[in-house]
Amino acid sequence: MHRLESAHDGQISQDGVVSVNGFIHERVCLIVTGGIAAYKAPAVVRLLREAGAEVRVVMTRGAQAFIQPLTFQAVSGQPVHTDLLDPAAEAAMGHIELARWATRILVAPASADFLARLAAGMADDLAATVCLASDAPLFVAPAMNRLMWAHAATRHNVSVLESRGVTMLGPAEGAQACGETGPGRMQEPEEIVQALLGKAPDQPLAGRRVLLTAGPTQESIDPVRVITNRSSGKMGYAVAKAARAAGAEVVLVSGPTALAPPAGVETVAVQSAADMHAAVMARAGACDLFIATAAVADYTIADPAAHKVKKQDGELTLVLKPTTDILAAVAALPAPPFTVGFAAETRDLLTYARAKLTRKKLDMVAANLVGVPGSGFDADENALHVVWAGGDQVLERADKELLARRLVALIAERLRAKTPA
Ligand code: CTP
């Protein structure tokens, strides 16, 4: 059985999962679509029920060509849902009710056609409508011919779905019903059920709203030229992803980067320090935690030219004026969120970091040494020395994604100590 470590008898967690005597009671909506692998779906239902989950099955018209609804009714112990527009079925448990009831949605097997309809956001049958009308985590176990799986259209649909936070389970490789061999087999029911009911990840930021800045800023000299810096945004994007994985609702205000917006994170694209300041101040009042990872320009062009500056003989002088310190502005709000700043130093890391903590009235400063090869700006690895009023901790050199998860865990710990959820 699937055990929730922190659960007490009869508790209802944030996502509505009921736990009885410490065992999670998931409500799984299993969507079966057309394909020969549909014959394995009753085994998925059986395993889910053995694990303590309640299961309701939705079948597409294609699925019913391979297997009878009665089979699923027998193994799930519940009526099977097949029609969107059947008044009797809608009266018993309508599609919206079904979508709300589910704590997890699993599509197994998922045909190429269903992936395309999911990616396009279609609502042309009950199965697609339930997926569209629910915010429950969606798990998809594709099963199709290897060439259909490899086709550019399917590749595109899968990447769209993944970018929306859909979890792809498989497909596995091996001999296919069509006689070919390659990727496209549905994962085994045991693997699917294990992935679906896997231990709920630790979510120390659940219920918290996090605002982040990331990347460089660009200050216009004229319509075609900018002053910018070497920040890639990698650390900030990794922190945004880690905060999302820790259960937070995340808004990322990002300067220009080459990175894809992280899944499940609201990304606001900005260009200049002034744009970033405006985007942050409009949202800072509504967040519990602000993390400033952006490399914001300290100076901007005093008077950007309206037209392209022409080459002239001799020197060109640009007049710069200071930008607003966004981090300090957030920390100075009447009711500031928990604020975390970054400090990039080339020497005396700890002294400068502590000075920044006090000067800007921050809750935490994550300091990193720049100017050393393979660390800091545009590198894949980094190390941090994190300081706060009552202590400090070194986060050893690691891949930025791993380092971000350690940093978020540390921030969550300090945040909980300051303002218990
Ligand atoms: N920051 C900001 N807005 C600015 C400048 C900086 O929000 N206009 C934030 C950065 O995102 C980072 C921290 O402030 O979290 C960096 O502080 P800063 O004092 O600018 O650091 P350095 O650039 O390292 O400063 P110094 O000149 O003191 O070395």
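Helices (H or I, at least four residues) and strands (E, at least two) are DSSP runs, numbered from the N terminus. The model is predicted, so that local features need pLDDT of at least 70 and side-chain atom pairs pLDDT 80 or more, while totals for chains, interfaces and linings use all residues. Residues are numbered from 1 along each chain as its sequence is written, and side-chain values use heavy atoms, without hydrogens and water.

**Exercise 1.** Determine which element supplies the largest share of the shell around the ligand.

*Solution.* Step 1: a residue is near the ligand if one of its heavy atoms lies within 4 Å of it. Of the 15 residues around the ligand, those that come nearest are Ala292, Ala294, Leu327, Phe342 and Lys356.
Step 2: at least two shell residues each come from helix H13 (326-331) and strand S19 (338-345).
Step 3: S19 gives the largest share, 4 residues.

**Exercise 2.** Identify the polar contacts of the ligand with Thr324, Ala344 and Lys360.

*Solution.* Step 1: a polar contact is a pair of N or O atoms within 3.5 Å.
Step 2: polar backbone atoms of Thr324 and Ala344 lie 2.9 Å from a ligand nitrogen and 3.3 Å from a ligand oxygen, respectively.
Step 3: an N or O atom in the side chain of Lys360 is 2.9 Å from an oxygen atom of the ligand.
Step 4: of the 580 Å² of accessible area that the ligand has on its own, the protein covers 76% (Shrake-Rupley method, 1.4 Å probe).

How values were computed
A polar contact is a pair of N or O atoms within 3.5 Å; within protein, one must be able to donate a hydrogen and the other to accept it, and residues adjacent in sequence count only if both atoms are side-chain atoms.
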